[in-house]
Amino acid sequence: MREVGFSTGGARLDALFLRPAGARLLYVLAHGAGAGMRHQWLQRMADALAEEGVATFRYEFPYMQDGRKRPDPPAVLHETVRAAVLAAQEAAPDLPLIAGGKSFGGRMTTQAQADAPLPVRGIVLLGFPLHPAGAPSVKRAEHLPRVSVPLLFLQGTRDELADLALLRPVVEKLSRADLRIVEGADHSFHVLKRSGRTDADVLRELAHAVAEWGSGL
């Protein structure tokens, strides 16, 4: 893994590029709303993906790099997604690209792609935040029909930010979308001990799903 940087809107942002030997795919991986690219879950996810031959390009949104709690305006976030994808393309021009991210980061990626196409083959959403906890709604999915690349939704059955009874019909109406359920996982993909699985097992399951789906694009 090496630290790299890229520019957007006059700002210089940090990124982490991890390319395992024999990589066949590069995932431009955005962080969630409250934790940056160095969060231990994202680090473990990147390591699990590397074991599946998937390189990762993790990056910071401006507000996170500046230590601010309030996310940037959507236009800034979308431009950051675009700049990160282009930077990843430059870092590994020989690898096909997919984009997306954890929760908020994945949602911002779909919004950016809905506004104007990104040079990626597909978008992987690690826990799409369909609605706030305790407030079921599909409003956050209104832009998804405008996304012109295949989508992979990876969702836990205990995810309080995505009622599966609402998410399933949303995905079914999309022309090129796949929903894969992670049994017993919450929004952070944590599973209870009584499930008989560990969080590490879930990470491997997620990484394998990303690699399998991405290779089929």
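The following exchange walks through the sheet and helix packing of a predicted model.

Trainee: In what order do the 8 strands of the open sheet lie?

Mentor: The pairing in this open sheet is mixed. Read across the sheet, its 8 strands follow the order β1-β2-β4-β3-β5-β6-β7-β8.

Trainee: Which strands stand at the edges of the sheet?

Mentor: An edge strand is recognised here by having a single partner strand, so one side of it is left without a neighbour in the sheet. Neighbouring strands are turned by 25° against each other on average, direction ignored. The two strands at the edges are β1 (2–8) and β8 (177–182).

Trainee: How many bridges join β3 to β5?

Mentor: Strand β3 (residues 25–30) runs parallel to strand β4 (residues 54–59), to which 6 bridges join it, and Y27 has T56 as its bridge partner there. Towards β5 (residues 97–102) the strands also run parallel, with A30 standing opposite G101. The number of bridges joining β3 to β5 is 5.

Trainee: Are the residues of β3 buried or exposed?

Mentor: In a regular strand the side chains alternate between the two faces of the sheet. In β3, L25, Y27 and L29 point one way, while L26, V28 and A30 point the other way. Taking under 20% relative accessible area as the cut-off, 6 of the 6 residues of β3 are buried.

Trainee: What is the handedness of the β-α-β unit made by β3, α1 and β4?

Mentor: The unit consists of β3, helix α1 (residues 40–51) and β4, and its two strands run parallel. The handedness of this β-α-β unit is right-handed.

Trainee: In what sense do β2 and β4 pair?

Mentor: Strand β2 (residues 11–18) and β4 are paired over 4 bridges, and L18 stands opposite T56 in β4. The sense of this pairing is antiparallel.

Trainee: Which strands does α4 touch where it packs on the sheet?

Mentor: Helix α3 packs on the sheet by touching β1, β2, β3, β4 and β5, and its direction makes about 130° with that of β1. Helix α4 also packs on the sheet, its direction making about 135° with that of β5. The strands that α4 touches are β3, β4, β5, β6 (123–126) and β7 (151–156).

Trainee: At what angle do the axes of α3 and α4 cross?

Mentor: The axes of α3 (residues 74–91) and α4 (residues 104–115) come within 9 Å. The crossing falls in the range of 65 to 115 degrees, which makes α3 roughly perpendicular to α4. Among the residues in contact are L77 and V81 of α3 and F104 and M108 of α4, and by class the contact has 5 nonpolar, 4 polar and 2 charged residues. The axes cross at roughly 85°.

How values were computed. Residues are numbered from 1 along each chain as its sequence is written. This is a predicted model: local features need pLDDT of at least 70, side-chain atom pairs count only at pLDDT 80 or more; totals for chains, interfaces and linings use all residues. Side-chain values use heavy atoms; hydrogens and water are left out. Buried means under 20% relative accessible area, exposed over 50%, partly exposed in between (1.4 Å probe, protein chains only). Two strands pair if DSSP finds at least two bridges between them. A crossover is right-handed if, with the strands pointing away from the viewer, the path from the first strand over the helix to the second runs clockwise. Axes are lines fitted to C-alpha atoms, for helices over the stretch in contact, and angles run from 0 to 180 degrees between N-to-C directions. Angles under 35 degrees count as roughly parallel, over 145 as roughly antiparallel, 65 to 115 as roughly perpendicular and the rest as oblique. Contact means heavy atoms within 4.5 Å. Ala, Val, Leu, Ile, Met, Phe, Trp, Tyr, Cys and Pro count as nonpolar, Asp, Glu, Lys and Arg as charged, and the others, Gly among them, as polar.
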